[in-house]
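The following exercises ask the reader to examine one protein chain step by step. Each task is followed by a worked solution.

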Amino acid sequence: MVSTLFSLSVSHLVLWATGLILVLGFLKLIRLLLQRQMLARAMDSFPGPPTHWLFGHAQEIQQTGSLDKVVTWAHQYDYAHPLWIGPFLGFLNIYEPDYAKAVYSRGDPKAADVYDFFLQWIGKGLLVLQGPKWYQHRKLLTPGFHYDVLKSYVAVFTNSTHAMLDKWEEKAREDKSFDIFCDVGYMALDSLMKCTFGKGDSSLGHRDSSYYSAVCDLTLLMQQRIESFQYHNDFIYWLTPHGRRFLRACQAAHDHTDQVIRERKAALQDEKEQEKIQNRRHLDFLDILLGARDENGIKLSDADLRAEVDTFMFEGHDTTTSGISWFLYCMALYPQHQHRCREEVCEILGDRDSFQWDDLVKMTYLTMCIKESFRLYPPVPQVYRQLSKPVNFVDGRSLPAGSLISLHIYALHRNSAVWPDPEVPHPWTWRSDGVGGYGGHPPQDLVRRGPISPGPQDWDGRMEDVVGKASFWELCDKGAVSGFLMILR
């Protein structure tokens, strides 16, 4: 009797739970359909490539490569076009300077539909934060990047670079091509650990190597998740092999940053270390975080502290790695620019074998080449916003509040209406007097709207958004490596 009643109650419970799940699922579906209808109606006035009813444009992007495919579409559709990732996530993809100015000069919030994917990994650090808390954290961390602080890092950068170049010289003797990206990544991470996280003079250890491997996994998995609409739901994603791999990589990254924080906290208990910090004119990044207090005298929470460390640990070396790797690729591809850079560097160095802070401002042609390589291969190719109010564009079209915007920096930098022969490097475009500007837009004006902007929403600069990251694993032959060595030596 009792067992019968128990089995009946369990059956009823299962039925009620099943019914509740179905109702909640139905309501979720209705909400998604309404969201799609709103986004589709908002973009009615913008023609675009045909879209699949289920996959949107995701299949074409995955087959061709998101960057090159969007550039192809940008040549077909002026100013902007709709971009759908699956049936429910749709953006207006823009790649024209005046369109970019209309949106990115306003301070609209970052699109949670994309940036929330980062929360499991880097928490609510500067990459994800917005509004008053974003400004609070930015104001707090800015002193850690004061010019006087950066001056003291030049020797660290030099030593890390020399260690990498020594490794390359050994590889070059084998007369075989090799992948430079990992070596550049380790060099950038080594510099970051020594300059901003108090690692001292010790080299990268096994734990640091594990962290680097975890970040490589995370960036690839993040890109895959954004382009695969079936992975947009957290619950479904965590159940998949890719989702579980993502969680394991997140744990490896968190273990590394937690260890860095613990070691620095322990070091700060030493009286000699405290005295050293007190004698400094400026604190480094991690020491600022550990000593920071708000207006009420309250320290950063453990979650806020780790989020900022996770954010800068990742973004501090990842975009630097991609920027340097692509710059070296451009130098190998265009030896005439490589030769001029080498001549300029040799003239500045003279008999010395390393740079000093004051040398950097003299490297005008090298600086122009670096900026042009950022135009061709921006470390952050795409950023996202959600409109907090309607926007009117220069051609009379508009979007309502709530619409999602994707600024496709990679396509903007290949917009032939702005950059004649956009695939060909023109370093002189970046002359300091602005004479080299194209299409009525001086390069400084385009920079203010792009990934290296000093403006309020882009202070975290080239680190914003790994979404849409291209493959940076470039192989180069011995001749190219010799060229790299001539420039960097």
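**Exercise 1.** In which loop is the place of Asp-421?

*Solution.* The structure is a predicted model, in which local features need pLDDT of at least 70 and side-chain atom pairs count only at pLDDT 80 or more, while totals for chains, interfaces and linings use all residues. Residues are numbered from 1 along each chain as its sequence is written, and side-chain values use heavy atoms, with hydrogens and water left out.

Step 1. Asp-421 is placed in the loop between α19 and α20. Helices (H or I, at least four residues) and strands (E, at least two) are DSSP runs, numbered from the N terminus.

Step 2. Although Asp-421 is not a glycine, its phi is positive, at about 50°.

Step 3. With 54% relative accessibility, Asp-421 counts as exposed. The classes are buried (under 20% relative accessible area), exposed (over 50%) and partly exposed (in between), with a 1.4 Å probe and protein chains only.

Step 4. Val-418 is found in the loop between α19 (409-412) and α20 (443-449). At 3% relative accessibility, Val-418 is buried. Its C-alpha atom is separated by 8.2 Å from that of Glu-96, 322 residues apart along the chain.

**Exercise 2.** Describe the loop residue Asp-175.

*Solution.* Step 1. Asp-175 lies in the loop between α9 and β3 (178-179).

Step 2. Asp-175 has a positive phi of about 60° and is not a glycine.

Step 3. The relative accessible area of Asp-175 is 56%, and this residue is therefore exposed.

**Exercise 3.** Give the overall make-up of the protein chain.

*Solution.* Step 1. The chain contains 21 helices and 8 strands.

Step 2. Of its 489 residues, 48% are buried.

Step 3. Consider contacts (heavy atoms within 4.5 Å). Among those with a separation of 6 or more, 71% are between residues 24 or more positions apart.

**Exercise 4.** Which residues of helix α7 are buried, and which exposed residues does the face turned away from them carry?

*Solution.* Step 1. In helix α7 (residues 131-141), the buried residues are Trp-134, His-137 and Leu-141.

Step 2. Seen down the axis of α7, these residues fall within an arc of 70°, so they line one face of the helix. The arc is that of the directions from the helix axis to the C-beta atoms.

Step 3. The face turned away from the buried side carries the exposed residues Pro-132 and Lys-139.

Step 4. The buried residues of α7 pack against α15 (285-291) and α16 (302-333).

**Exercise 5.** How many residues has the largest nonpolar core?

*Solution.* Step 1. A nonpolar core is a set of buried Ala, Val, Leu, Ile, Met, Phe, Trp, Tyr and Cys residues joined through side-chain atoms within 4.5 Å. In soluble globular proteins, nonpolar side chains tend to be buried together.

Step 2. The largest such core has 91 residues; Trp-121, Met-313 and Leu-399 are among those with the most contacts inside it. Helix α11 (residues 206-227) gives the most to this core, with 9 residues.

Step 3. Another core, of 22 residues, lies apart from it and includes Met-164, Cys-341, Val-345 and Met-363.

Step 4. Leaving aside residues up to four places away in sequence, Leu-399 touches several residues, including Ala-42, Phe-46, Leu-92 and Phe-393.

**Exercise 6.** Examine the salt bridges of Lys-167 and Arg-306.

*Solution.* Step 1. A salt bridge is a side-chain nitrogen of Lys or Arg within 4 Å of a carboxyl oxygen of Asp or Glu. Side chains of opposite charge can pair when their charged atoms come close. By this rule there are 16 salt bridges.

Step 2. In the salt bridge between Lys-167 and Asp-183, the closest N and O atoms are 3.8 Å apart. Lys-167 lies in helix α9 (residues 154-172) and Asp-183 in helix α10 (residues 181-196), so the pair ties together parts that are 16 residues apart in sequence.

Step 3. Lys-167 is partly exposed, at 36% relative accessibility, whereas Asp-183 is buried, at 7%.

Step 4. Arg-306 and Asp-258 form a salt bridge with an N to O distance of 3.2 Å. Arg-306 belongs to helix α16 and Asp-258 to helix α13 (residues 241-267), so this pair ties together parts 48 residues apart in sequence.
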